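Me: I'd like to go through this model with you and see what stands behind each label. Shall we take the labels one by one?

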Amino acid sequence: MIEQSILFVTSIILILLALASMFYSRNLIKTLMSFQVLVFGINLALFTNSVGGGIELLANTLVLFSVIVGASVESVGLALIIQIYRKYGTLDPHKLRRLRE
């Protein structure tokens, strides 16, 4: 029970740190990595809630599916970020918004 509480608190800390980092980051790569930390925190919370319950197989399957989808989203996101950098020469979202005007 104590281990489950520690894992749940860790997942909440990961989620809060990732959200703060996503909002205050001025770099697209850091924002994408913060999004992945957010997804890992959510996966940890889902896994923690399934431990000791009757839905362990379903939760583990959802976590595995989420990790696979997250890896593909991250690879596509990094490819887009590379193209943005090649075209505009910056990764700062605020500068990119000004370029659109």
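Reply: Gladly! This is a predicted model, and a good place to begin is helix α3, where the buried residues are Ala59, Val63, Gly70, Glu74, Gly77 and Ile81. Part of what covers them is α2.

Me: What makes the length of α3 agree with that of a helix?

Reply: Helix α3 runs over residues 56–88, which is 33 residues. At 1.5 Å a residue the expected span is 48 Å, and the end C-alpha atoms are 46 Å apart, so the two agree. Just after α3 comes Gly89, with a positive phi of about 80°.

Me: How do you know that the span of α2 agrees with its number of residues?

Reply: The same kind of reasoning works here. Helix α2 covers residues 28–50 and has 23 residues, so 1.5 Å a residue gives 33 Å; its end C-alpha atoms are 33 Å apart, which agrees.

Me: What caps the N-terminal end of α2?

Reply: That is Asn27: one of its side-chain oxygens lies 3.1 Å from the backbone nitrogen of Ile29. Since the cut-off for a polar contact is 3.5 Å, the pair falls within it.

Me: Why is Ser50 called buried?

Reply: Ser50, in helix α2, has a relative accessible area of 1%. Buried means under 20%, so Ser50 counts as buried. Other buried residues of α2 include Leu28, Leu32, Val39 and Ala45. The C-alpha atoms of Ser50 and Ala20 are 27 Å apart, with their places 30 residues apart along the chain.

Me: And why is α1 called roughly antiparallel to α2?

Reply: Helix α1 (residues 2–24) packs against α2 at an angle of about 160°, and their axes are 8 Å apart. Angles over 145 degrees count as roughly antiparallel, and therefore the label applies to α1 and α2. The crossing of α1 past α2 is left-handed.

Me: Which residues of α1 and α2 meet there?

Reply: On the α1 side they include Leu7, Phe8, Leu14 and Ile15, and on the α2 side Phe35, Leu38, Ile42 and Leu44 are among them.

Me: What makes Leu96 buried?

Reply: Leu96 belongs to helix α4 (residues 93–100). Its relative accessibility is 17%, and the limit for buried is under 20%, so Leu96 counts as buried. Leaving aside neighbours within four places in sequence, Leu96 is in contact with Leu28, Ile84, Tyr88 and Thr90. For Ile84, 12 residues away along the chain, the C-alpha separation from Leu96 is 9.0 Å.

Definitions and conventions:
Residues are numbered from 1 along each chain as its sequence is written. This is a predicted model: local features need pLDDT of at least 70, side-chain atom pairs count only at pLDDT 80 or more; totals for chains, interfaces and linings use all residues. Side-chain values use heavy atoms; hydrogens and water are left out. Helices (H or I, at least four residues) and strands (E, at least two) are DSSP runs, numbered from the N terminus. Buried means under 20% relative accessible area, exposed over 50%, partly exposed in between (1.4 Å probe, protein chains only). Contact means heavy atoms within 4.5 Å. The expected span of a helix is 1.5 Å times one less than its number of residues. A polar contact is a pair of N or O atoms within 3.5 Å; within protein, one must be able to donate a hydrogen and the other to accept it, and residues adjacent in sequence count only if both atoms are side-chain atoms. Axes are lines fitted to C-alpha atoms, for helices over the stretch in contact, and angles run from 0 to 180 degrees between N-to-C directions. Angles under 35 degrees count as roughly parallel, over 145 as roughly antiparallel, 65 to 115 as roughly perpendicular and the rest as oblique. A crossing is left-handed if the near helix is turned anticlockwise from the far one by less than a right angle, and right-handed if clockwise.
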